[in-house]
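Here is a short report on one protein chain. Look over the sequence and the fold, then read on.

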Amino acid sequence: MTALAKAVLTALKAAADPARAPGMQAYMKSEMPYLGVSAVPLRQACKELFRGLGWARSEDWQADVLALWRGAQFREERYAAIELTGVKAAHHFQRLDALPMYEEMIVTGAWWDYVDAIAGGRFWTLIVNEGVRMKRSMRSWSSDRNMWKRRSSILCQLKAKEHTDLDLLYACIEPSLDSKEFFLRKAIGWALRQYAWTDPAEVERYVAANADRLSGLSKREALKNVRKAA
């Protein structure tokens, strides 16, 4: 265990409410146990621990992230690893060479809490920084056999707002339109709902055009913001 990983575990244990741990584990259907640290104290502990950190190379930052991720005994340690991917000192490392690290975390994490924080929270920055190359990767992920990579591609523009690339959004949705997988149906609805804050008429048009293929769940989720804007 690295010195940083030890410090993270110590800080998380200090912030934990062990009585909460069983309920948190049951809610997340997690095989990995929890310490009992809720979101706000976890973020605060990470903010204090990671303040002042810096790395000369992306490889060094990725090594610290993956040491936390791979060595985790408790789920909150993996949440801390995701927090470490988003620190200000790592902003200039959000390039395509970080994608294999995120891919490992998504594939081995294989659950929505990890995947959504990474894809929804980090991938738009990679798209901004890498443009065509990252978009090409997301198109490839959209038809991957791994369901969580597919979900990640659908959610990669959650932060894009008016800068959303609709061709990319629809291309990433297309391979999963006929899927019966709940997490893909939910992701499709979420991505469309998010874009509906920017252009509700376009989302309404897309849902109508694909009404025969979109699941009821996807359509309901997609149109929530359309109804609010009406």
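Helices (H or I, at least four residues) and strands (E, at least two) are DSSP runs, numbered from the N terminus. This is a predicted model, in which local features need pLDDT of at least 70, side-chain atom pairs count only at pLDDT 80 or more, and totals for chains, interfaces and linings use all residues. Residues are numbered from 1 along each chain as its sequence is written, and side-chain values use heavy atoms, with hydrogens and water left out.

**Domains and core**

Domain bounds come from an automatic or database domain assignment. Here the assignment gives domain 1 (1–93) and domain 2 (112–229). Their centres, taken over C-alpha atoms, are 27 Å apart. Contact means heavy atoms within 4.5 Å. Domain 1 puts 13 residues into the contact, and domain 2 puts in eight residues.

Next, the core. Buried means under 20% relative accessible area, exposed means over 50%, and partly exposed is in between (1.4 Å probe, protein chains only). A nonpolar core is a set of buried Ala, Val, Leu, Ile, Met, Phe, Trp, Tyr and Cys residues joined through side-chain atoms within 4.5 Å. The largest nonpolar core has 77 residues. Trp61, Tyr102, Met105, Phe123, Met138 and Leu192 touch the most other members. Both domain 1 (1–93) and domain 2 (112–229) give residues to this core, so it lies between them. Take Leu192: leaving out residues up to four places away in sequence, Leu192 touches Leu169, Tyr170, Ile173, Val203, Tyr206 and Ala222.

**A covered helix**

How many residues of helix H9 (residues 147–155) are buried? Nine of its nine residues are, so the helix is mostly covered. Among them are charged-type names such as Lys149, Arg150 and Arg151, along with Trp148 and Ile154. The buried residues of H9 pack against H6, H7, helix H8 (132–141), helix H10 (166–173) and helix H11 (182–196).

**The largest pocket**

On a 1 Å grid over the protein atoms alone, a pocket is an open set of points where a 1.4 Å probe fits, with protein on both sides within 12 Å along at least five of seven lines; lining residues have an atom within 4 Å of a point. Grid points are joined across faces, edges and corners, and a volume is the space filled by probe spheres set on the points. The largest pocket has a volume of about 390 Å³. Its lining has 18 residues, and Ala39, Leu42, Arg43, Tyr79 and Asp113 lie nearest its centre. H2, H3, helix H5 (75–85) and H7 each supply at least two residues of that lining. The largest share, five residues, comes from H7.

**Two cysteines, no bond**

A disulfide is a pair of cysteine sulfur atoms within 2.5 Å. The structure holds zero disulfides. Why is Cys156 not bonded to Cys172? The sulfur of Cys156 is 5.0 Å from that of Cys172, its closest cysteine sulfur, which is too far for a bond. Cys156 counts as buried because its relative accessibility is 1%. Cys172 counts as buried too, at 1%.

**Two loop residues with positive phi**

Neither residue in this table is a glycine.

| Residue | Phi | Loop between | Relative accessibility |
|---|---|---|---|
| Lys29 | about 50 degrees | H2 (21–28) and H3 (39–50) | 69%, exposed |
| Ala110 | near 50 degrees | H6 (99–109) and H7 (112–130) | 28%, partly exposed |
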